[in-house]
Amino acid sequence: MLAYLLRRLVYVVPVALGVSLICFMLVHIAPGDPLVAVMPLDATAEQEAEMRAAYGFDKPLPVQFGLWVAKAATGDLGRSIATGRPVAGEVMTAVGNTLVLAAAASLIGFPLGLLFGFVAGYFRDTGVDRAVTALAITGVSVPNYWLGMVLVIVFSVTLGWLPAMGAGPGGSRDWGWDAEHLRYLVLPAVTLAVVPMGIVARTVRALVGDILSQEFVQALYAKGLMHGGVLRHVVRNAAPTALAVMGLQLGYLLGGSILIETVFNWPGTGFLLSNAIFQRDLPLLQGTILVLALFFVAVNLLVDLAQTVIDPRIKRT
Amino acid sequence: MGIGRLRTAFAAAVLAGTALAAPALAAGTLRIGMTASDIPLTTGQTDNGGEGMRFIGYTLYDALINWDLTSADKPSGLIPGLATEWKVDEADKTKWTFKIREGVKFHDGSAFTAEAAVWNLDKLLDDKSPQYDPRQAAQGKSRIPAVASYKALDKYTLEIVTKEPDATLPYQLAWILMSSPANWEALGKSWEAVAKKPSGTGPWMLADFVPRERADLVPFKDHWDQTRVPRLDKMVLVPLPEPNARSAALLSGQVDWIEAPAPDVIPALTGAGHQIVSNALPHNWTWHLSRLEGSPWNDIRIRKAANLAIDREGMKELLGGLMLPAKGFFTPGSQWFGEPTFAVKYDPEAAKALLAEAGYGPDKRLKVKALISPSGSGQMLPLPMNEFIQQNLAEVGIDVEFEVVEWNTMINIWRAGAGHESAKGTKSINFSYFIQDPFTGLIRHLACDLKPPNGTNWGHYCDPEMDALFKEIRTTFDAAAQDEVMRRTHEKFVDEALFLMVTHDVAPRAMSTKVKGFVQAQNWYQNFGSITMD
Amino acid sequence: MAVITESIVAPVERTQGYWSGVARRFRRDPVAAGCAVLLLLLILAAIFAPYLGLADPYAGSMARRLRRIGTPGFPLGTDELGRDMLARLVYGGRLTLFLGITPVVAAFSIGTVLGLVAGYVGGRTNTVIMRLVDVFFAFPSVLLAIAISGALGAGIVNSLVSLTIVFVPPITRVAESVTASVRSLDYVDAARASGAGAFTIVRVHVLGNVLGPIFVYATSLTSVSMILAAGLSFLGLGVKPPEPEWGLMLNTLRTAIYINPWVAALPGLMIFVTSLCLNLVSDGLRSAMNVRD
């Protein structure tokens, strides 16, 4: 198993390199001049050349890529074209904020998903199952950016119960896990939690149903074994897959919150990314996507490792 | 610039100001939702266009020559800022001297002098100087094309030499904001450090700053003009680029003021007891026409016909009343409007007649391609507005085919000109213009020597008569006489229907009724000093 | 929204009348069958939109903007430019469904071929293809779609390209794992031993077993694809105005939510209902075909 773990760790390196190549190329398949965002409307050709050299856009592509990776490895992701601030700092702040949101959405979505999925799987083909399944499939099918807008209208504008946008009165820097700040988190987190809730519920329902329909479980029942024993068996067998699905979902929450962050003006990576796209701030776009993708790779790795450890059935060599 | 007149105006302003400043009470915090997606550059010369100058530029900083932002009723003009007076040398019309205001302090306590002004010009123009900042230069350099050289004659006298005689220099200098050299030194000569702790001479100081989320401004009590010292305790700027998030923030009480509310949200805002404030703005939303060989817009009858075909009142309805229908290139109340003979109005019958005269009719409809963008700063609501124009023009017999390009691409095409292949044979570009001074208002659009790639005369227009007028503007140093030339030039703009003149923005802003004392000047910039909160 | 979970699919024993069995079981599921009918209707309406006697979806008038649902002549009201909502929703279905289905079909074709090749040939070919897939898998799907669209710029073709790129890796993975497991089955070995060519084996023995599970998986992706495509348009990265498309309509009607919330909610509702139906049909197919996940 140790050999597997090691191999799995080493394997991250080529993937990370591939990921950075894609991030780098993304920007260079982009049409239009990356410097438009900073250039004054009536800049001279001379000014343009000056700016181009300042941002390194005058060098050939492979050289740019080499420089970019070498710098990225030391934590330097270049400077934002639109703000001139170092990209790394901006991205890390934003990743922190997105993590807060993703964590909150997970805390809402995963337990609910597990509960619903378990109940539905346990009482398969009953009314309870159908109700829960309907709820889960609704969660998977609803365009959450639309749901977010509806929630703002209802809970912020009409009822005035919860703030409509932002990460608290002082911005994300003053973030704290207190009631005042948590109020700001409720709407975006609930909106974001809907999809993972549905997915986890659907997966767990299928898992639990399958385990319960296995012959030996039926045999346990027949022998009149206590429900507790069956339950323990179910949980133990469903846990690895459920964990894997939740891990993946956490990753998707990190990258998938862009629409929600736009709707709620949440200062996370999604918000940063949409700014980067519309201001054509290419270094910022590159940096943000790279950090998110690497985060996702790390989460996948952790899930994989955790699964190997807790699931004795998986023999990886 | 008539210095005598300015002095009087200034004295009057001081007198009026002392009367106003007397009941300076502590008056709370004002929170503003901006449309920019980030806090504009704080080091001096701001980015984010007009909004940057409005909220970070003219708040934290002053220019040598400022815009007068005290009146809502008349177009604003230039007033003394960090320079108390200026004049051009009678013998050598390229040589200007500026008397620097004495006793002006930066927020960090250092004094503003002629040397500081030179230091700031070097910051933008001299890439060998240690304080040269490419970011600020990118924003400021192109604003002062006339400047050739400058030096401090003594502590309070600045001399600027222009490349050729240019009477528009004061307008150019109104762009240039002065940051503190001592502060930059103290912060390790790093503009990045200055961004967090900037120091200007303006009536507001930056107290706190979270990039992309918030900037806190507090009053600078030692400002040289006590009338401009803010009565608020604090002003908080929040970037809220998404229009619905901006409206929701005001409706749920998270901010007190939002810039540019979407027209459809306005009934909900007023319904919830908020006030909508707007005023004429030196802004122009137009179709800049191609004048290259083969463009139908070379025919004055077609240009006039198109101008007569637009139902501007109908468009106003689309925008919830928040636009000022164009009567010319400048806003109707502008000091430079003059008395054009061609009336820009809605008269489809006259338009059809003109088109018939030009050889077009129901069986021979005019077909023309037009460049538009789905969004963009100053573009208002470009898609519905252009679709509206498309319908209007179709009614008189002009069939418009749109070429829709993304805003940044459109800026590139605007720079490249109508003849460039990227323009794809379009005969007009829908662009919105900042028209606050002679250069941005008139000269840059139609001067022969500013044809692309040298400038932004997109349509390659060239008329010696027009160039003579531009030259006269640049060489008329008496303000009143210069205004007179401006009026004559504008009359030519309108009478020859050189643009499709559609509308002016009115810079709507929505605010809670708690906001008191705001006077919206007819300017891109505003004064926040007079505001109080209930 | 990011519903790409890897199915671990067991090869299904082929019997006579397998597909008729599937069809019978599917019909017996009333929810799935009802949804299939509804989807069919939506698709037919979208295809034959010009013949349904609808109003011109592009013709607007300021005089009648944002009319309520039930206004005579405008059964579903009008949008922010006074255009008939019913017509725009029906025509909008064209682009929205097209944008939802095409990338999945394209990714289905590309991914299946890649997966078959990787799974059947194995060895170095497998390594190259699957490691490449791994790299793309390292991006959360929404992020990848937005990143590619953001880089390429707005437009229908760019949306299609970016969504296809997003869906190729998961389909390839599923195809590869099914192929690899089918390949080691006895009867495939037997066929190979009897001297059948690789192409014949793949066509006769592998493809038949593999297509079903991948197809079910692909249908579940269609809903994701549609929500994502509409999301791209919502962000301004997809379809350009004045084309009717549900995501874009949702975007342009956003500010009207304060004046006429029901009309503004319609495009979102259409996306929701269609995506719900796609998911239910996919579920129905899954159980009718006995595909386990």
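**Exercise 1. Find which residues Leu237(B) touches, leaving out those up to four places away in sequence.**

Solution. Start at Leu237(B) in this predicted model. One group of its partners is Ile32(B), Met34(B), Ile39(B) and Phe55(B). Then add Arg214(B), Ala215(B) and Leu217(B) to complete the set. Next, place these contacts in a wider setting: Leu237(B) is among the residues with the most contacts inside the largest nonpolar core, together with Ala293(A), Ala63(B) and Ile171(C). That core holds 326 residues. Its largest share comes from helix α8 of chain C, residues 198-235, which gives 18 residues.

**Exercise 2. Work out how domain 1 and domain 2 of chain B are arranged and what kinds of residue domain 1 brings to their contact.**

Solution. First, the bounds: domain 1 of chain B is assigned to 27-60 + 202-278 + 507-533, domain 2 to 62-182 and domain 3 to 283-505. Second, the spacing: taken over C-alpha atoms, the centres of domains 1 and 2 of chain B lie 26 Å apart. Third, the contact: 20 residues of domain 1 meet 21 residues of domain 2 in chain B. Finally, sort the domain 1 side of that contact, and you get seven nonpolar, eleven polar and two charged residues.

**Exercise 3. Describe the side of chain A that touches chain C, beginning with the secondary structure of chain A.**

Solution. Begin with chain A itself, which has twelve helices and zero strands. Buried residues account for 47% of its 317 residues. Now consider contacts within chain A between residues at least 6 apart in sequence: 74% of them join residues at least 24 apart. Then turn to the partner chain, where 44 residues of chain A are in contact with 37 residues of chain C. Helices of chain A that each supply at least two residues to this side include α1 (2-28), α7 (179-213), α9 (227-256) and α12 (282-310). By type, the chain A side divides into 34 nonpolar, ten polar and no charged residues.

**Exercise 4. Compare the UniProt "transmembrane region" annotation of chain C with the modelled helix content at two of its stretches.**

Solution. The unreviewed UniProt entry places this feature at residues 31-52, 95-123, 135-157, 214-237 and 258-281 of chain C. Take residues 95-123 of chain C: the stretch is 97% helix and 0% strand, with its end C-alpha atoms 41 Å apart. Then take residues 214-237 of chain C: here the values are 92% helix and 0% strand, and 29 Å separate the end C-alpha atoms.

Notes: Residues are numbered from 1 along each chain as its sequence is written. Chains are lettered from A and ligands numbered from 1 in the order in which they are written. This is a predicted model: local features need pLDDT of at least 70, side-chain atom pairs count only at pLDDT 80 or more; totals for chains, interfaces and linings use all residues. UniProt positions are given in the numbering used here, feature names are shortened, and annotations may be inferred rather than shown by experiment. Helices (H or I, at least four residues) and strands (E, at least two) are DSSP runs, numbered from the N terminus. Domain bounds come from an automatic or database domain assignment. Two residues are in contact if their C-beta atoms, placed from the backbone, lie within 7 Å. Ala, Val, Leu, Ile, Met, Phe, Trp, Tyr, Cys and Pro count as nonpolar, Asp, Glu, Lys and Arg as charged, and the others, Gly among them, as polar. A residue is buried if 20 or more other C-beta atoms lie within 10 Å of its own, exposed if 12 or fewer, and partly exposed in between; C-beta atoms are placed from the backbone. A nonpolar core is a set of buried Ala, Val, Leu, Ile, Met, Phe, Trp, Tyr and Cys residues joined through C-beta atoms within 7 Å.
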